[in-house]
Amino acid sequence: MERTILVVDDETDMLTLLKRSLGHDLKAHVITASSGEEALKIYSEKHFDLVLADIKMPGISGMELLELIKKNNSYQTVVMMTAFGSIDTAVEAMKRGAYDFITKPFDHDALVLRLEKALERSSLLAENHRLQKACKGINAFHHIIGKSASMQRLYETIQMVAKTDMTVLITGESGTGKDLTARAIHALSDRRQGPWVAVNCPTVPENILESELFGYKKGAFTHATTNKTGLFQEASGGSIFLDEIGDISPSIQTKLLRVLQEKEIKPLGDTRSVQVDVRIISSTNQNLKKKIKLGEFRDDFYYRLNVLPIELPPLRHRKEDIPLLADHLLKKHCHDLKKPSVKISQELMEIFMQKTWKGNVRELENVIIRGLLFCTSDKITLKDVGANTSAKSKPLPNHISRTELPYKNAKEEILRQFNEEYIGYLLTQSNGNITHAAKMCGLERQALQQIMRRFEIKAAPFRS
Ligand SMILES: Nc1ncnc2c1ncn2[C@@H]1O[C@H](COP(=O)(O)OP(=O)(O)OP(=O)(O)O)[C@@H](O)[C@H]1O
Ligand SMILES: [Mg+2]
């Protein structure tokens with residue numbers, strides 16, 4: 001790109017001379033202003049790699065101009081010149097942020113050389129700025145934190161996927177950031193001004209899910225006293241996020257398949273279909289291919305969902321992100337809990353780096369919240385998060401039974417602990433046999449398997 005220079009001087013002869021000679025010798029585009037006022041106007045509309053200004057001018061003086069420019073952009077390279085140069089004015093100009101100072105009359109070649117140096121500084125600064133910006137994009141992206149190679153690939157994928165309207169399936173263990181990823185896709189897409197509708201599939205009872213998604217006509221069933229718009233219609237022009245899609249029943253899968261194929265929905269009790277303009281993003285922490293083999297998930301539905309797959313890496317595979325994430329979460333919750341800022345002790349950070357983090361970032365977040373609540377100094381220590389100091393090498397107990405956590409996190413943690421202990425006991429007794437374990441606790445085999453998948457409990461380690 002051509003370099004641009006703004007030359008400011010009240011002597012028009014000087015301007016004409018500099019415009020021609022600098023334009024030629026520095027291979028730059030030179031714009032001139034015959035007063036400080038005019039220079040400010042031009043400067044406010046255009047970027048300049050260099051400003052060369054005379055000090056002595058009527059109206060806004062060169063010194064004032066320098067000050068105003070520096071206030072606006074402290075990185076701007078400015079070179080001052082004057083016929084009345086004295087050491088004092090030179091020092092004063094440098095103090096106010098000028099990069100160099102040139103006394104008139106000047107030797108033209110010397111001037112070119114010094115301005116070339118000034119332009120070099122500008123290009124270095126610009127490059128540095130560009131790199132910094134790029135690095136920022138690497139450490140964090142739309143509320144997603146991480147600088148590991150796998151996260152950088154994720155950022156690229158999100159940007160690419162956001163440009164299209166295709167269906168996305170986000171997979172990954174619990175707490176890896178599926179929700180954050182889905183939101184980032186919407187926020188970067190052309191639909192960002194449209195609605196964002198998130199449906200947590202397993203929390204909606206199966207018999208209600210259908211009417212929630214597709215809506216119903218008055219009289220469709222006993223309690224349908226009015227028409228109800230479904231979530232798909234509500235999301236029109238925007239995106240719908242079907243969270244934990246692995247848990248939906250085959251009958252709803254069939255109905256959703258139709259939406260994916262035809263882009264239309266049929267409210268319950270309605271004879272007509274309605275066209276919907278919605279981008280579908282879904283997520284699951286389950287292995288859908290396995291579910292297909294077990295006959296629990298329709299393969300045709302899977303292929304329609306999985307047009308653009310995004311797989312999120314577990315935290316243990318990107319340990320280099322742990323300090324960055326810990327720092328981010330610490331700042332976030334210090335702020336939310338209105339606590340003064342604290343740090344994580346070295347010992348605790350070492351344990352963070354060793355731990356397998358089954359619950360991924362969510363688990364790390366819970367441990368940090370707990371640490372913040374119990375910490376009494378400016379550092380969170382092992383004791384604050386409930387780890388035994390004498391057993392440093394032991395991983396942190398996956399044991400957070402406190403109700404001080406936010407409700408959602410506390411509930412999830414307790415459910416996890418309960419299931420791990422309860423089902424672990426059953427599997428120990430049944431020697432890893434799921435059918436026996438299910439009989440022992442009065443659950444259907446499939447129901448127990450579903451819970452095991454949700455909490456990632458494997459039967460194999462219990463088999464001797
Ligand atoms: N890369 C990340 N950077 C910052 N915060 C993250 C990151 N990944 C996850 N989190 C935080 O961890 C928590 C869990 O993330 P999120 O809900 O997106 O995960 P998920 O994969 O949808 O989990 P689940 O399977 O449990 O629903 C959230 O509080 C989220 O803000
Ligand atoms: Mg989620």
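This briefing walks through selected local features of the structure above.

The model is predicted. Helix α3 has its buried residues on the same side. Helices α17 and α18 pack at an angle of about 105°. A shell of 17 residues surrounds ligand 1. A cis peptide bond joins K104 and P105.

**Helix α3**

- Helix α3 covers residues 62-72.
- Its buried residues are G62, M63, L65, L66 and I69.
- These residues span an arc of only 160° around the axis, so they sit on the same side of α3.
- The face turned away from that buried side carries K71 and N72, which are exposed.
- What do the buried residues of α3 pack against? Their partners are three strands, β1 (3-8), β3 (50-54) and β4 (78-82), and two helices, α2 (36-45) and α4 (87-95).

**Helices α17 and α18**

- Helix α17 runs over residues 434-441, and helix α18 over residues 445-454.
- Their axes lie 9 Å apart, at an angle of about 105°.
- Angles of 65 to 115 degrees count as roughly perpendicular, so α17 is roughly perpendicular to α18.
- On the α17 side, the contact is made by I434, T435, A437 and A438.
- On the α18 side, R445, L448 and Q449 take part.
- By type, the residues of this contact are four nonpolar, two polar and one charged.

**Around ligand 1**

- Of the 17 residues around ligand 1, the nearest are I145, G177, K178, D179 and V361.
- Which elements give two or more residues to this shell? They are strand β7 (144-145) and the helices α7 (178-188), α13 (322-336) and α15 (360-374).
- The shell around ligand 1 divides into five nonpolar, eight polar and four charged residues.

**I240, a buried strand residue**

- I240 belongs to strand β12, which spans residues 239-243.
- Is I240 buried or exposed? It has 24 C-beta neighbours inside 10 Å, so I240 counts as buried.
- The cut-off for buried is 20 or more.
- Beyond its neighbours within four places in sequence, I240 is in contact with V197, V199, L231, F232, A235, V278 and I280.
- I240 and A182 are 58 residues apart in sequence, but their C-alpha atoms are 9.5 Å apart in space.

**A90, a helix residue**

- A90 is part of helix α4.
- A90 has 18 C-beta neighbours inside 10 Å, so it counts as partly exposed.
- A90 and F101 are eleven residues apart along the chain, and their C-alpha atoms are separated by 6.0 Å.

**Backbone features in loops**

- The peptide bond between K104 and P105 is cis, with omega about -5°.
- P105 sits in the loop between strand β5 (100-103) and helix α5 (108-139).
- K27 is a residue other than glycine with a positive phi, near 50°.
- The loop holding K27 runs between α1 (12-25) and β2 (28-33).
- K27 has 10 other C-beta atoms within 10 Å, so it is exposed.
- K338 is a residue other than glycine with a positive phi, near 55°.
- The loop with K338 lies between α13 and β17 (343-344).
- Why is K338 exposed? It has 6 other C-beta atoms within 10 Å, and a residue counts as exposed at 12 or fewer.

Note on methods
Residues numbered from 1 in each chain as written. Chains lettered and ligands numbered in written order. Predicted model: local features only at pLDDT ≥ 70, side-chain atom pairs only at ≥ 80, totals over all residues. Axes fitted to C-alpha atoms, helices over the stretch in contact; angles between N-to-C directions. Helix = DSSP H or I, 4+ residues; strand = E, 2+ residues; numbered from the N terminus. Parallel < 35°, antiparallel > 145°, perpendicular 65-115°, else oblique. Contact = placed C-beta atoms within 7 Å. Nonpolar A, V, L, I, M, F, W, Y, C, P; charged D, E, K, R; others polar. Arc of directions from axis to C-beta. Near = placed C-beta within 6 Å.
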